[in-house]
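I set out to record what I looked up in this structure. The entries concern aromatic rings, surface exposure and contacts.

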Amino acid sequence: MARIKHIALSTQDVDGTARFYIEVFGMKEIGKIDDPGTRGCFLSDGEINLAILNFKNDAAAGAERGKGYSGIHHIGFQVESLEAIAEKLKAAGAPRRDDVNAALGVGGRQAHGNVEVKYGGPDGIMLDVSETGWVGTPSFGG
């Protein structure tokens, strides 16, 4: 069974949003990102990775929302097999988001843990799938 390990919030105020989750819920900052498409930080409660992201361009955010969108952007699932979940997602009509995969430099296996492939889900919510899981979260059986 897949496990939710990651939720990403898109925001226009990374520092203020992160501070809220740290101060109110006691989450810990475990990393930062600042690349051509995204600026943000990663928080964890020890079970789930919460990304607080500001997208620098519409391609990285996904054209349907764009860089100005604020709210839940995507949910990440750790899966036992990328191949098996790809078949299930295809059968359910969930397309690979190779536009966003290309903009972020993902779409294949990554050794460091975090998203390996993005797909489109119901209601416009993007889905991340990963075999390796997310930084700050326990792996399967952990």
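The entries below follow the order in which I looked things up.

Entry 1, the model. I noted at the outset that this model is predicted.

Entry 2, aromatic pairs. I searched the whole structure and found one aromatic pair. I recorded Phe20 and Tyr21 with ring centres 5.0 Å apart and planes at 85°. Planes over 60 degrees apart count as edge-to-face, so I entered the pair of Phe20 and Tyr21 as edge-to-face.

Entry 3, exposure of the pair. I asked whether Phe20 is buried or exposed. Its relative accessibility is 42%, and I therefore listed Phe20 as partly exposed. For Tyr21 I noted a relative accessible area of 22%, which also makes this residue partly exposed. The cut-off matters here, because buried means under 20%.

Entry 4, surroundings of Phe20. I placed Phe20 in helix α1, which covers residues 14-25. I then looked up the surface and found that Phe20, Val24 and Phe25 form a nonpolar patch. Together these residues have about 320 Å² of accessible area.

Entry 5, a charge and a ring. I looked up Arg65 and found its charged end over the ring of Tyr69. The distance to the centre of that ring is 4.5 Å.

Entry 6, Ala102. I located Ala102 in helix α4, residues 98-104. Its relative accessible area is 60%, so I listed Ala102 as exposed. I also noted Ala60, which lies 42 residues from Ala102 along the chain. The C-alpha atoms of Ala102 and Ala60 are 8.6 Å apart.

Terms used: Residues are numbered from 1 along each chain as its sequence is written. This is a predicted model: local features need pLDDT of at least 70, side-chain atom pairs count only at pLDDT 80 or more; totals for chains, interfaces and linings use all residues. Side-chain values use heavy atoms; hydrogens and water are left out. Rings of Phe, Tyr and Trp (its six-membered ring) pair if their centres lie within 6.5 Å; planes under 30 degrees apart count as stacked, over 60 as edge-to-face and the rest as tilted. Buried means under 20% relative accessible area, exposed over 50%, partly exposed in between (1.4 Å probe, protein chains only). A charge sits over a ring if NZ of Lys or CZ of Arg is within 6 Å of the ring centre and within 35 degrees of the ring normal. Helices (H or I, at least four residues) and strands (E, at least two) are DSSP runs, numbered from the N terminus. Patches are made of residues with over 30% relative accessible area and no salt bridge: like charges are joined within 9 Å, nonpolar side chains (Val, Leu, Ile, Met, Phe, Trp, Tyr) within 5 Å. Accessible areas come from the Shrake-Rupley method with a 1.4 Å probe; for residues, only the protein chains shown count as cover. A salt bridge is a side-chain nitrogen of Lys or Arg within 4 Å of a carboxyl oxygen of Asp or Glu.
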